[in-house]
Amino acid sequence: MTPSLDDREFPPLQDQTKSGIAPGGGKSANTSRDTRRIDIGSQTQKKQGKAFPNNYVSTTRYKLWNIIPLNLFEQFHRAANIWFLIVSILQMLPYNLSPTTSWATLVPLCGVLFVTFVKDAYEDFKRWRDDCKGNGRECEVLVGEKFEKTKWSDVTVGMYIRLSRDEAVPADMV
């Protein structure tokens, strides 16, 4: 017969011994000098070298410097675009492999790539504009003894936020 989990003895966890709780659930003898402290706020995380992610929201796929290469990379994941590129390259060779002109497939391919690029860039611009609206919204944050207006993107872990009825919540909150 195997012993149940309740019958086994486990070594005490580090947090249990520091907090004054003995492995059996009772208090340990040295509870007067052992205290448990839970710090909340961004100052504590900076002291410990830990950083929480900020509240800035970005749903865009592209940056201004990488939109052309990333968009071309995504477009050439489509089999049809790869096929037309290969056919266009073969038509450009001086072997007269095609009965049509050398530009017959290259021009439509470039047209499709350009129209798709413009569509993707416009959609990404709309996402960026919506992100700016969301990040620029304001909420009331407790600073010292009073509440001050702060942008949603500037909210950090540990801030106390005052919410009103039917107001949108600026972050994951408890």
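The following exchange discusses a predicted model.

Modeller: In this predicted model, local features need pLDDT of at least 70 and side-chain atom pairs count only at pLDDT 80 or more, while totals for chains, interfaces and linings use all residues. Residues are numbered from 1 along each chain as its sequence is written, and side-chain values use heavy atoms, with hydrogens and water left out.

Biologist: How far apart are the end C-alpha atoms of helix H5?

Modeller: Helices (H or I, at least four residues) and strands (E, at least two) are DSSP runs, numbered from the N terminus. The expected span of a helix is 1.5 Å times one less than its number of residues. Helix H5 holds 31 residues (106–136), so it should span 45 Å; in agreement with this, its end C-alpha atoms are apart by 44 Å.

Biologist: Is Asp120 of helix H5 buried or exposed?

Modeller: Buried means under 20% relative accessible area, exposed over 50%, and partly exposed in between (1.4 Å probe, protein chains only). Asp120 has a relative accessible area of 6%, so Asp120 is buried.

Biologist: Which side chain meets that of Asp120 in a salt bridge at 3.9 Å, N to O?

Modeller: A salt bridge is a side-chain nitrogen of Lys or Arg within 4 Å of a carboxyl oxygen of Asp or Glu. The partner of Asp120 meets it at 3.9 Å, N to O, and is Arg61. The pair links distant parts of the chain, 59 residues apart: Asp120 lies in helix H5, and the loop between helix H2 (42–48) and H3 holds Arg61.
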